[in-house]
Each structure stands twice: as structure tokens, then as C-alpha cells.
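Me: Could you walk me through this one and justify the labels as you go? I'd like to see each term held up against its cut-off.

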Amino acid sequence: MTMRRTNRRNIGAMRDRLELFVPVRVSDGALGSQRADTSLGQLWGRIEPISGRELFRYQHLEQELSHVVIIRFKTTVKQGMYLKKGTRQFYVEAVMDPDER
């Protein structure tokens with residue numbers, strides 16, 4: 001028996017409680033600004049490690065993509081935001097809607 005592959009994700013596999021943040025710049029009152037991140041709420045997701053490595057290039061530490069975070073599609077999630085689980089932060093590099101809704 002063969003099973004057809006589908007784009008639908010198993011909602012029961014989303015066991016990681018994540019918090020969505022958007023970085024915001026606010027004035028510090030002295031002609032400068034500082035970062036004050038704003039929480040947009042919590043959601044359930046799944047964190048999947050894929051691969052990763054750290055490179056030391058040009059005397060700087062660089063990191064490559066190491067995880068994929070899967071959540072139910074939300075139109076409020078944009079590139080530049082980040083998800084947080086405990087002390088770990090996962091920056092949104094791209095957003096994809098496999099069902100194209």
C-alpha cells in the first residue's frame with residue numbers, strides 16, 4: 001500500500017509552546033533609540049533540527065540555518081520577527097504557506 005504525500009501538517013505534533021516577538025525601536029529620549037521587543041502572543045509549533053554549523057570567517061563567527069519551526073499559518077508572522085522557547089530564539093528568515101490559503 002502506498003500513501004500519498006500531503007502538505008498538511010500533523011497538528012498533534014506541534015508540542016512546543018512558543019512566543020512570537022516583533023523587534024521595535026523606541027526613542028531613548030537622547031536622540032537615539034533602543035530595541036524594545038513586543039510580544040504578539042503565544043502559539044504552538046514544532047521545532048525540527050535540520051543541520052547547522054558555525055563558521056569562523058574573516059574573524060567573525062557566522063551561523064547557518066539549523067532549525068525549521070512549523071506553526072499553523074498566521075498572516076501576522078513576517079520576516080524579521082522571532083519565536084522564543086525558554087531562552088532559545090528562532091529568527092524568522094522566511095514564511096511559507098504550503099496550502100496557499
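Me: Where does Gln-89 sit, and why is Gln-89 called partly exposed?

Reply: Gln-89 is in strand S9, in what is a predicted model. Its relative accessible area is 34%. Buried would need under 20% and exposed over 50%, so Gln-89 lands in between and gets the label partly exposed.

Me: What makes the link between Gln-89 and Tyr-91 a polar contact?

Reply: The side chains of Gln-89 and Tyr-91 are joined at 2.7 Å. The limit for such a pair of N or O atoms is 3.5 Å, so the 2.7 Å value for Gln-89 and Tyr-91 fits within it.

Me: Which residues does Gln-89 touch, setting aside those up to four places away in sequence?

Reply: Tyr-82, Leu-83 and Lys-84. As for Leu-20, Gln-89 is 69 residues from it in sequence, and the C-alpha to C-alpha distance is 9.8 Å.

Me: How do you know that S8 and S9 are paired strands?

Reply: Count the bridges. S8 (residues 82–85) and S9 share four of them, in the antiparallel sense. Pairing asks for at least two, so S8 and S9 qualify. One of the matches puts Lys-85 opposite Arg-88 in S9.

Me: Which strands does S1 pair with?

Reply: S1 (residues 16–22) is joined to S4 by seven bridges and to S8 by three. Both pairings are antiparallel, and with a threshold of at least two bridges, both count, so S1 has S4 and S8 as partners. Glu-19 shows this nicely: it stands opposite Gln-42 in S4 and opposite Lys-84 in S8.

Me: What is the order of strands in the sheet, and what makes S7 and S9 its edges?

Reply: The order is S7-S4-S1-S8-S9, five strands in an open sheet with antiparallel pairing. S7 (67–71) and S9 (88–91) each have a single partner strand, so one side of each is left without a neighbour in the sheet. On average, neighbouring strands here are turned by 45° against each other, direction ignored.

Me: Back to Lys-84. Why is Lys-84 called partly exposed?

Reply: Lys-84, which belongs to strand S8, has a relative accessibility of 29%. That is between the 20% and 50% cut-offs, so partly exposed is the right label for Lys-84. Leaving aside neighbours within four places in sequence, Lys-84 is in contact with Arg-17, Leu-18, Glu-19, Phe-21 and Gln-89. The C-alpha atoms of Lys-84 and Leu-20 are separated by 6.5 Å, with their positions 64 residues apart along the chain.

Me: How many aromatic pairs are there, and why is the one between Phe-21 and Tyr-82 called stacked?

Reply: There are two. For Phe-21 and Tyr-82, the ring centres are 5.2 Å apart and the planes are at 10°. Centres have to lie within 6.5 Å, and planes under 30 degrees apart count as stacked, so this pair meets both conditions. Phe-21 is in strand S1 and Tyr-82 in strand S8, 61 residues apart, which makes this a link between distant parts of the chain.

Me: What makes the pair of Tyr-82 and Tyr-91 tilted?

Reply: Here the centres are 5.4 Å apart, and the planes are at 45°. That angle is neither under 30 nor over 60 degrees, so the pair is tilted. Through these ring pairs, Phe-21, Tyr-82 and Tyr-91 form a cluster.

Me: Which of those rings are buried, and which partly exposed?

Reply: Phe-21 at 12% falls under 20%, so Phe-21 is buried. Tyr-82 at 3% is buried for the same reason. Tyr-91 has 45%, which is between 20% and 50%, so Tyr-91 is partly exposed.

Me: Why is Arg-46 called buried?

Reply: Its relative accessible area is 16%, under the 20% cut-off, so Arg-46 counts as buried. Arg-46 lies in strand S4 (residues 38–49), and its side chain has a polar contact of 2.7 Å with the side chain of Glu-48.

Me: Which residues make up the largest nonpolar core?

Reply: Nine in all: Leu-18, Leu-20, Leu-43, Ile-47, Val-77, Met-81, Leu-83, Phe-90 and Val-92. S1 and S4 are the elements that give two or more residues to this core. Beyond four places in sequence, Leu-43 touches Leu-18, Leu-20 and Leu-83, among others.

Note on methods. Residues are numbered from 1 along each chain as its sequence is written. This is a predicted model: local features need pLDDT of at least 70, side-chain atom pairs count only at pLDDT 80 or more; totals for chains, interfaces and linings use all residues. Side-chain values use heavy atoms; hydrogens and water are left out. Helices (H or I, at least four residues) and strands (E, at least two) are DSSP runs, numbered from the N terminus. Axes are lines fitted to C-alpha atoms, for helices over the stretch in contact, and angles run from 0 to 180 degrees between N-to-C directions. Buried means under 20% relative accessible area, exposed over 50%, partly exposed in between (1.4 Å probe, protein chains only). A polar contact is a pair of N or O atoms within 3.5 Å; within protein, one must be able to donate a hydrogen and the other to accept it, and residues adjacent in sequence count only if both atoms are side-chain atoms. A nonpolar core is a set of buried Ala, Val, Leu, Ile, Met, Phe, Trp, Tyr and Cys residues joined through side-chain atoms within 4.5 Å. Contact means heavy atoms within 4.5 Å. Rings of Phe, Tyr and Trp (its six-membered ring) pair if their centres lie within 6.5 Å; planes under 30 degrees apart count as stacked, over 60 as edge-to-face and the rest as tilted.
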